Each structure stands twice: as C-alpha cells, then as structure tokens.
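Q: Walk me through the labels on this model and tell me how each one is earned.

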Amino acid sequence: MNNSSADQLVPLILSGGAGTRLWPVSRRAHPKPFMQLADGQSLAEKTWLRARSVAGDAPILTVTSRDYYFYTRDLYEKLGAGPDQSRFLLEPMGRNTAPAIALAALWVRDHVGPGASMLVMPADHLIRDTAAFEEAVRAAHELAGQGQLATFGMHPTHPETGFGYIRQGPAIEGTQGYQVDAFVEKPDLDTAKAYLASGDYFWNSGMFCFTAEVLLAAMAEHAPEVLAAAEVTWQATATEATPVELPAEPFSRCPSISIDYAVMENAGNAAVVPGDFGWSDIGSWKAISELYQSDDAGNRVRGKAVLVDSRGCFVQGDQRLVAAVGLEDVVIVDTGDAVLVAHRDQAQDVGQVVRQLTELEDEAAIYHQTVHRPWGSYTILEDAEDCKVKRLVVKPGQVLSLQLHHQRAEHWTVVQGTAKVRLGDEEFLLEANQSTYIPVETLHRLENPGTEDVHLIEVQTGAYFGEDDIERFEDIYGRA
C-alpha cells in the first residue's frame, strides 16, 4: 500500500450495460461502449484516452464483465496501454454502480493508497472538449482532496426530460465547486423548462471524483449493507491477480443499487463542479444523429443512402444502400441482419423492442451477424433450418476451446492462413483451400499457430445450431 497517495488520481471506467435504446447497433454481446462513431473510434476508446490524459503515473482501472474483458483489453492495447497502466476488475454479473465503485475503492485503497482520488467515468459517454474536461477534473480533484464527494454538473442547453438534475447550493470558497443542494429525479417537460429558466440546475452527468477513503466512509454511513457485501466479496477475491475476477457467490449478495441512491443523495459533503465540455450520454439515436452534419433539409447520413423529398431524417446503413422517400423526422438504422425504423421523437422507446425480442428469446437481442470472441470473431453468413454458415477469423496465437457438439456436425474450409486442428486424438495442419469434417460427439479444437489471421468457413449441419450446444473441456479464456 502506498500511503503517500494524496496526489494520485486513478481513473475508474465503468463499462457494462447493453444500451438497449441504441439497438440494433448496441446489443448485449457488443454493447454501446464498443459502438464506432463517425471518426472510427469507439466510445470505450475515447473514454480510455480521456482517462490517460489525466491519470499521470496512476493506473487506469476498468470495471467490466468477463464477456467484455478480452475485447476491451485489445482495444486499450491498440491505443498503447501497457499491462501496468490498464487494470481490470471483472464482475460475474451486473449489480449497478454502487457495488462496482465500492469494490474499485477497495482496489485503490490496497493498490494505490486510501488517500488516492478516483475519477469515475462511464465508458459510454462522449466528451468533445478534452481541454475543458481536464480543467474540470483538476477542480474536482482539488475538492476530493478536501473531503468532498464531487460530481460533474452539465449546464443544460435545453429542457431535457431524460436526465436527472442537480440543484446547486452555495459556492465552496476557494474552489470552482458548489455544495449540492439536492439531486432531482428526471422531470416532466414543464418542470425541465422551469429548471432551465432558473439557472440553478445542472444535468447530472453520472461522473464523480472522491478519494477512496472518503467514499468508503460515506458508504459505511449511508449504505452499510453495500459496503459489507463488497468487503466480504473482496476478502474472497484473489486481489493480486491480473485481471482481478470477483467471485460470483459473494458478489451476487451485493444489493443492486446506484451510487446516486446509495450515497450521493444522502451525503452532506456532496459537491458539484460545473462543466461545459461538450458532454453527451449518447442515450438515443436522436443523440447519435446530432453528431453528424446535416444537409439543407436537416437529413444526416452515415453509409450509403438516397433521400428523396425527406426532411429531418437520420439514416445509418452499414452494408446496404438505404433509400427513403417522403419521410420526415424518421430514424432508419440498418445493420444487415436487422432494420430499425422509428420516429425521431420516439427514439427513447427503442428499448421496448429489445424487451420484446428478449421475451421471444430472439438472438437479435444479443448477437450481431459478427460476434466478437476472445480468440477473434465469427460472422453468420446464413442461418437456415437445415444449416448454419459462419466465417471465422482466428487471431495469431489464439486457440478455441477443446469442445464437442451433441446435435450438430461441422465442416471447416480454410480460405486464408494455416490452421492447426485437433480432431479426436489426431492433430494436423490445414492450409488454404483444404478442409476437414467434424462429426457429432467428436472432440475438436482450432488453433492459429501463425503470425497472421486465419480465415475459414464453417458449415454446420444437424438438428440444432444454438451456441448452448457447446460442451467445453479445456479453455484458455476460463470459459470451460
């Protein structure tokens, strides 16, 4: 433990949640933080770069799930993250933000020092003005060092009903912050207009800054059941591992509650730092559309689209040409396997589509045509009643689990690279244009022993093609 940690600022990135209002691009297996924006960067990448800009020599801690760990780690490594700079806490399930932040505070206490500050940032927010953000962080860090639980309040630009608000109290002398007079729930439109006119309210950004010891003391006072469950979980955790995996049984007993409800709304030492740094929580397709330049008719387009006699529309097409005729204020999003058509003013209601798909057990609620795995990815080319066809891409040095299927056989044909195949007790190499057949109930494994990606076509035949027809025996990614 480093007890001289008062000047350290540890960014804490919270990366979880499905972002259902941004379906069909954001899905449970590839959620909102991994969405690419117009410049080609994902929200997760942008968040890590912001974290790096303020971290100094401190590590950057990300709380996420095992399902997202490998993909997130690879994104960070592409940005130049070293193993000591990016650290991970892996949750076995979602329990909202209070348990996640409590466990992160225990990690910071033990690995950096109790006096170190934590800058809590969701991975799926967008900030356009990095310099102004860094200035606000410096102000919040100063407040944290004075024992305050600092949050960031955004000056409202319009009467927004989708955000919670913060009512500011008196200024805190010698700082850029104010005492928090109250946290206010999402208002109706008339109330939001009154908040905007008064000038006394900020949007609640969901970003915070406090020291580990002050946060833990506040939890002991205001949310003792959350802290107790977090401490039991921490005691059962291999805290020096890389990554740190939280054990499921004790973690499941953590109350599912947000840090706002658990601590911030009850604390007498809550402070707010005003911010004007182009913040957005990117919470709907309307918010996404506003990131793009519009034409003279107010239309915004990403991809290939033809719009005739249409106004105020947003069109995103990843693969196919989208044509729109005679439409007004409509959102169209085409991902190849699903199409969303919604009125711009009802973009907040897209989550209801995901709820219905989930009730129907439709995989479109979870998976894209391209699904990312720790070893690479696969793309579904055809999904019929009598067969399923995928294109697999296996990264260099990666290996799929040793597995078998009870209800399907598989045919593999390599189209690029050299694959190492285990089939039963036999091992052999497959070059481009070579193929093999894996019968039902046969142990098999695929590996890329080379330095370039392996591409192969997998044709599944049989009675059932669900992902749950996989029995794993060995897996280097801990899924067996």
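A: Let's start with a single bridge: Asp334 has Val339 in S16 as its bridge partner. The model is a predicted one, where local features need pLDDT of at least 70 and side-chain atom pairs count only at pLDDT 80 or more, while totals for chains, interfaces and linings use all residues. Residues are numbered from 1 along each chain as its sequence is written, and side-chain values use heavy atoms, with hydrogens and water left out.

Q: What makes S15 and S16 a strand pair?
A: Strands here are DSSP runs of E with at least two residues, helices are runs of H or I with at least four, and both are numbered from the N terminus. Two strands pair if DSSP finds at least two bridges between them. S15 (residues 330-334) and S16 are joined by 5 bridges and run antiparallel, so the rule is met.

Q: Which strands of the S13-S14-S15-S16 sheet are its edges, and why?
A: That open sheet has 4 strands in the order S13-S14-S15-S16, with mixed pairing. S13 (300-308) and S16 (339-343) each have a single partner strand, so one side of each has no neighbour in the sheet. From one strand to the next, the twist averages 20 degrees.

Q: How do you know that S8 and S11 pair?
A: DSSP gives 2 antiparallel bridges between S8 and S11, and the rule asks for at least two, so the pair counts. Tyr178 has Val272 in S11 as its bridge partner. On the S7 side, S7 (residues 165-171) and S8 (residues 178-184) pair antiparallel over 5 bridges, with Ile166 opposite Phe183. Their hairpin has 6 residues between the strands, and there Gly174 takes a positive phi near 80 degrees.

Q: What is the strand order in the sheet of 6 strands?
A: The order is S17-S18-S19-S26-S21-S24, in an open sheet with antiparallel pairing. S17 (370-373) and S24 stand at the edges with a single partner strand each, so each has one side without a neighbour in the sheet.

Q: What makes S26 and S24 partners of S21?
A: S21 (residues 408-416) pairs with S26 (residues 454-462) over 8 antiparallel bridges, and with S24 (residues 435-438) over 4, again antiparallel. Both counts satisfy the bridge rule, so both pairs stand. Trp412 is opposite Glu458 in S26, and His411 is opposite Tyr437 in S24.

Q: Why are H1 and H4 called oblique?
A: Axes are lines fitted to C-alpha atoms, for helices over the stretch in contact, and angles between N-to-C directions run from 0 to 180 degrees. The axes of H1 (residues 43-55) and H4 (residues 130-145) come within 11 Å and cross at roughly 50 degrees. Under 35 degrees counts as roughly parallel, over 145 as roughly antiparallel, 65 to 115 as roughly perpendicular, and the rest as oblique. The crossing angle falls in that last group, so H1 and H4 are oblique to each other.

Q: What is the handedness of the H1 and H4 crossing, and which residues make the contact?
A: H1 passes H4 in a right-handed crossing, meaning the near helix is turned clockwise from the far one by less than a right angle (anticlockwise would be left-handed). With contact meaning heavy atoms within 4.5 Å, the contact is made by Arg50, Ser53 and Val54 of H1 and by Thr130, Phe133, Glu134 and Val137 of H4.

Q: Why is the Phe133 and Phe277 pair called edge-to-face?
A: Rings of Phe, Tyr and Trp (its six-membered ring) pair if their centres lie within 6.5 Å; planes under 30 degrees apart are stacked, over 60 edge-to-face, the rest tilted. The structure holds 15 aromatic pairs. Phe133 and Phe277 sit 5.4 Å centre to centre with 85 degrees between the planes, which is edge-to-face. Phe133 lies in H4 and Phe277 in the loop between S11 (270-275) and S12 (279-280), so the pair ties together parts 144 residues apart in sequence.

Q: What makes Asn96, Pro24 and Pro243 worth flagging?
A: Most residues other than glycine have a negative phi, and most peptide bonds are trans. Asn96 is not a glycine, yet its phi is positive, about 65 degrees. Trp23 and Pro24 are joined by a cis peptide bond with omega about 10 degrees, and so are Thr242 and Pro243, with omega about -5 degrees.
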